[in-house]
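Dear colleague,

Please find below the structure for your consideration, together with its sequence. My account of what was found in it follows directly after.

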Amino acid sequence: MAVPLLDIARQNKPLENEFKAAFDRVFSSNAFILGPEVAAFEREIAETTGIPHAIGLSSGTDALLIAMMAMDIGPGDEVLCPAFTFFGTAGSIARVGATPVWVDVLEDTYNIDFDDAARKTGPDTKAIIPVHLFGQPCDIDRLNAFASQYDLRIIEDVAQALGATFDDQPAGGFGDCGAVSFYPTKNIGGFGDAGLLLTRNDELAEKVLTLRNHGMEPKYYHSLIGGNFRLDALQAALLRVKLQYLNSYTEKRAANAQFYTENLKGHGLIVTPATLDSAHHVWNQYTIRVIDGKRAALREHLAARQIGSEIYYPLSLHEQVCFRKTVKGADSIRVSSQLANQVLSIPVFPEMTEAERDEVLQALWDFGYN
Ligand SMILES: *Cc1c(COP(=O)(O)O)cnc(C)c1O
């Protein structure tokens with residue numbers, strides 16, 4: 001039985017009529033830039049998360065970028081960045097002219113290692129970007145203590161963790177702001193690129209609202225050098241449909257994750273992802289560590305049975321060609337490089353059937369992980 005890593009059609013098809021109605025609304029309104037659909041989506045996200053400001057943007061990457069623009073982070077500033085994350089986290093730092101300082105991650109949760117971050121914090125360090133990787137918030141108690149000790153701004157990368165909480169508080173609302181992505185593989189996937197910035201800070205929100213529209217306020221008067229970082233009205237209308245199902249999607253992801261974790265215990269050759277007691281994990285990915293050096297063979301075995309898998313991520317960021325001259329913190333990165341050689345994400349998408357779940361587990365058992 002073929003089991004894809006993700007099946008977007010299975011999620012979208014049952015909502016076809018709702019999507020068409022949303023499209024028709026935008027079509028008839030002729031309001032394609034910002035407007036009522038974007039405002040409504042922003043309001044609904046604010047209500048869902050409990051974070052007062054939700055600002056629709058062009059992508060998750062742009063949300064990270066505009067956050068740093070709004071904080072005037074630039075040349076001469078250092079920003080602490082996990083080495084094991086998607087490129088966009090680090091790329092945004094470099095694009096505002098600041099320096100990413102590589103911080104290692106923890107091998108059990110894959111999230112940032114605050115002990116390593118502390119060693120790498122200096123007088124030029126302005127901010128930290130904790131990534132809630134694969135859907136699990138980092139240790140927020142450590143994050144808050146760390147950021148206040150060193151007086152740092154916090155930009156949460158919530159791209160994979162919309163709906164996650166820590167001690168029942170929403171991810172994206174712990175720091176100065178949180179960057180959300182609606183890339184199609186994320187927990188709410190759009191029909192193209194889209195993103196959003198969450199914040200409790202009124203001043204920051206106001207600045208981001210101006211920056212996303214060329215720094216323009218009022219019309220054709222520019223106090224800031226912004227850009228076009230706007231969320232499309234059509235995208236917002238379609239995402240509003242999916243937002244209604246976020247909790248049910250998350251519950252199904254969590255049930256699939258729990259199934260794997262319970263059934264893959266105790267074999268010793270692969271390690272299941274650790275979860276923190278205070279964290280509500282939303283399982284954008286279910287990522288195991290293959291610690292017997294057989295990841296490539298395992299992937300082939302799964303592919304032969306038509307089971308999808310992916311390596312998020314195959315190369316630690318400090319080893320990427322484009323960061324060859326970005327070396328701050330790089331010499332002590334160990335775990336990130338090791339994870340790049342061990343991790344494998346397996347199907348956890350909400351629409352998976354129990355038979356499909358069993359098939360993935362059986363394939364892992366048949367490979368010797370039983
Ligand atoms: C997807 C992702 C981003 C970027 O989001 P886009 O909307 O694709 O620009 C940033 N950080 C992480 C951790 C991501 O997974």
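Helices and strands are DSSP runs, helices of at least four residues and strands of at least two, and both are numbered from the N terminus. On that basis, Trp 283 lies in the loop between β11 (279-280) and β12 (286-290). Please note that this is a predicted model.

Overall architecture

The chain contains 13 helices and 13 strands. Its radius of gyration is 21 Å, which agrees with the value near 21 Å that a compact globule of 370 residues would have. Along the principal axes, the C-alpha atoms fill a box of roughly 65 × 55 × 35 Å. Of the 370 residues, 57% are buried. Among contacts in the chain with a separation of 6 or more, 72% are between residues 24 or more positions apart. The chain exposes about 15,700 Å², and carbon and sulfur atoms supply 51% of that area. As for charge, there are 32 positive and 47 negative charges, and their mean positions are 4 Å apart.

Backbone features

Most residues other than glycine have a negative phi, and most peptide bonds are trans. Several places in this chain depart from that pattern, and they may be worth your inspection.

Trp 283, introduced above, is not a glycine, yet its phi is positive, at about 50 degrees. Its relative accessibility is 7%, so Trp 283 counts as buried, the cut-off being under 20%. Asp 168 is likewise not a glycine and has a positive phi, of about 65 degrees. This residue is placed in the loop between β6 (165-166) and β7 (169-170). With a relative accessibility of 71%, Asp 168 counts as exposed, for which the cut-off is over 50%.

Two cis peptide bonds should also be mentioned. One joins Glu 217 and Pro 218, with omega about -10 degrees; Pro 218 is in the loop between α8 (202-211) and α9 (233-243). Another joins Tyr 312 and Tyr 313, with omega about 10 degrees; Tyr 313 is found in the loop between α11 (295-304) and α12 (335-342).

Aromatic pairs

The two tyrosines of that second cis bond, Tyr 312 and Tyr 313, also belong to a cluster in which ring pairs link them with Phe 84 and Phe 86. The structure holds 15 aromatic pairs. One of these is formed by Tyr 110 and Phe 134: the ring centres are 5.4 Å apart and the planes are at 80 degrees, so the pair is edge-to-face. Tyr 110 lies in the loop between β3 (99-103) and α6 (114-119), and Phe 134 in the loop between β4 (125-128) and α7 (140-150), so the pair ties together parts that are 24 residues apart in sequence. Tyr 110 counts as buried, at 3% relative accessibility. Phe 134 counts as buried too, at 2%.

Helices α5 and α9

Helix α5 comprises residues 87-95, and its buried residues are Gly 88, Thr 89, Ala 90, Gly 91, Ser 92 and Ile 93. The cover over these buried residues includes α4 (60-70), β2 (78-82), β3 and β5 (153-157). After α5 comes Gly 97, with a positive phi near 90 degrees.

In helix α9, the residue to note is Val 241. At 5% relative accessibility, Val 241 counts as buried. Which residues is Val 241 in contact with, leaving aside its neighbours within four places in sequence? They are Leu 15, Glu 18, Phe 19 and Ala 22. The C-alpha atoms of Val 241 and Glu 16 are separated by 10.0 Å, although these residues are 225 residues apart along the chain.

The end of the chain

Asn 370 is found in the segment after α13 (354-366). Its relative accessibility is 65%, so Asn 370 counts as exposed. Between the C-alpha atoms of Asn 370 and Gly 329, which are 41 residues apart along the chain, the separation is 39 Å.

Yours sincerely

Note on methods:
Residues numbered from 1 in each chain as written. Predicted model: local features only at pLDDT ≥ 70, side-chain atom pairs only at ≥ 80, totals over all residues. Heavy atoms only, no water. Rg over C-alpha atoms; globule rule 2.2 N^0.38 Å. Buried < 20%, exposed > 50% of the residue type's maximum accessible area, 1.4 Å probe, protein only. Contact = heavy atoms within 4.5 Å. Areas by Shrake-Rupley, 256 points an atom, 1.4 Å probe, with all protein chains shown as cover. Lys, Arg positive; Asp, Glu negative; His and termini not counted. Charge placed at Lys NZ, Arg CZ, Asp CG, Glu CD. Phe/Tyr/Trp six-rings, centres within 6.5 Å; stacked < 30°, edge-to-face > 60°.
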